[in-house]
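Let's take a walk through this structure together. Have the sequence and the 3D view open side by side as you read.

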Amino acid sequence: MTPLPPFQKLLDDHATDVMGVLRGAVGRSDADDCFQETFLAALRAYPKLEDTRNLRGWLLTIAHRKAIDHHRANGRRPLPIDVIEVETREPQFEGDGIWPLVDSLPPKQRAAVALRYACDLPHAEIAAALGCSPEAARRSLHEGIKRLRKELA
Amino acid sequence: MKASLQRLTERAETEGLLNVAYANVDSPFGSLLLASTPRGLVRVNLPAYDPEETLEELAAKVSPRVLEAPAKLDEVRRELDLYFEGKLTEFDLPIDWQLTRGFRGKVQRAINRIPYGQTRTYMDMARSAGNERAVRAAGTACGSNPIPIVVPCHRVLRSGGGLGGYGGGLPMKEALLKLEGVL
């Protein structure tokens, strides 16, 4: 077994990405709470972690569970679009690459894209997280991707 | 992001998940890595050694829950600063001895009792630890002191007056002894 790196190294290497993913999945104002829950859960489990080959994947898995918990705790209802629409005026993602573009998507599309490609969730779980039907989740994802393609073209 | 990380460190501590706190601090000799557990100061890494390796060693030997938490080392840093200015002759810090065991542990505790501005020989240390023939082992114990400066292994010299060795390099040992008025 590879020895566990000092936990600080996980923060140095992955905290920014975890925060970016959570901002996409739950919105900026709730991302910090999910971030805290994610890393506290990781810290609790860390000494007994056996497979150290994909620490990033491990952290993102915890993050996506916390994002789902968050959406479920909000009453199994659709994302509070009105709240998020206000929030999206602020950039949710920082840095280069595709994520700043994801920011410019409408809230539901943004969340669907983040949950699918950053958290690696299947459609059924995206639907559960967003409180909509799998078809609606698929549609949001599809519309989001289509719009991103257009922006990039 | 910085605020989130600080909040995380505070919550980790409250929930008993901050097992090793560390900080990199400046000193006249270069950057020191200081690490403490809830019990006390557990490790001082001298500039001659790679701090990354020391953090890995702490993760393996103490706990992998290692977080950078400079506030937890404020008192250690304050006393070290005063010591380097020649204004402090006795550290008043809780020590966590868990990285020292057996004969070496005994030697290192004996080192911790050598007063400021005084020196002992490796043979003295062997005797203090209960085996005066184990001079070489006493030397090794000095060399493997996990908490140098605070546990003053620089005060241990060779019988006959030679400086002996120092993990941080002989110039540093010499400078510390000069600071204390021994040389």
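What follows goes from chain A to chain B, then to the contacts between parts.

One thing to keep in mind from the start is that this is a predicted model. Chain A is a good place to begin. It has eight helices and zero strands, so to speak of its pattern is simply to read α-α-α-α-α-α-α-α along the sequence. Of its 153 residues, 41% count as buried. If you look at the contacts in chain A with a separation of 6 or more, 67% of them come from residues 24 or more positions apart.

Now turn to chain B. The domain assignment gives domain 1 of chain B as 2–84 and domain 2 of chain B as 102–179. Taken over C-alpha atoms, the centres of these two domains are 24 Å apart. We will come back to how they touch; for now, stay with domain 1 of chain B.

Start with its strands. Strand E1 of chain B covers residues 20–27 and runs antiparallel to E2(B), with seven bridges joining them. Which residue of E2(B) is the bridge partner of Asn24(B)? If you trace across from Asn24(B), you arrive at Leu33(B). E1(B) and E2(B) form a hairpin, with two residues between them.

Strand E2 of chain B, residues 30–37, has a second partner to look at. Five bridges join E2(B) to E3(B), and these strands also run antiparallel. Here again there is a hairpin, and two residues make the link from E2(B) to E3(B). Two pairs help you to line up the strands on screen: Thr37(B) stands opposite Gly40(B) in E3(B), and Leu34(B) stands opposite Val44(B) in E3(B).

Are these strands covered or open? E2(B) is mostly covered, with six of its eight residues buried. E3(B) is mostly covered as well, as five of its six residues are buried.

The helices of this domain are next. In H2(B), the buried residues are Leu55(B), Leu58(B) and Ala59(B). Why do they line one face of the helix? Seen down the axis of H2(B), these buried residues fall within an arc of 100 degrees, so they share one face. The cover over the buried residues of H2(B) includes E1, E2, E3 and E4 of chain B.

Helix H3 of chain B, residues 74–84, can be read in a similar way. Its buried residues are Val76(B), Leu80(B) and Tyr83(B). Looking down the axis of H3(B), you find these residues within an arc of 60 degrees, and therefore they line one face of the helix. Turn to the other side of H3(B) and you meet Asp74(B) and Arg78(B), which are exposed. What covers the buried residues of H3(B) includes E1, E2 and E3 of chain B. Just after H3(B), have a look at Gly86(B), which takes a positive phi of about 80 degrees.

With those elements in view, let's return to the two domains of chain B. Nine residues of domain 1 of chain B are in contact with nine residues of domain 2 of chain B. Which strand gives the most to the side of domain 1 of chain B that touches domain 2 of chain B? That is strand E3 of chain B, residues 40–45, with four residues. By class, this side of domain 1 of chain B has eight nonpolar, no polar and one charged residues.

Finally, bring both chains into view. The contact between them takes 20 residues from chain B and 19 residues from chain A. On the side of chain B that touches chain A, at least two residues each come from helix H1 (2–14), helix H2 (51–61) and strand E4 (66–68) of chain B. The largest share of that side belongs to H1(B), which supplies six residues. By class, the side of chain B that touches chain A has 12 nonpolar, two polar and six charged residues.

Conventions:
Residues numbered from 1 in each chain as written. Chains lettered and ligands numbered in written order. Predicted model: local features only at pLDDT ≥ 70, side-chain atom pairs only at ≥ 80, totals over all residues. Domains from an automatic or database assignment. Contact = placed C-beta atoms within 7 Å. Nonpolar A, V, L, I, M, F, W, Y, C, P; charged D, E, K, R; others polar. Buried ≥ 20, exposed ≤ 12 C-beta atoms within 10 Å, placed from the backbone. Pairing = 2+ DSSP bridges. Arc of directions from axis to C-beta.
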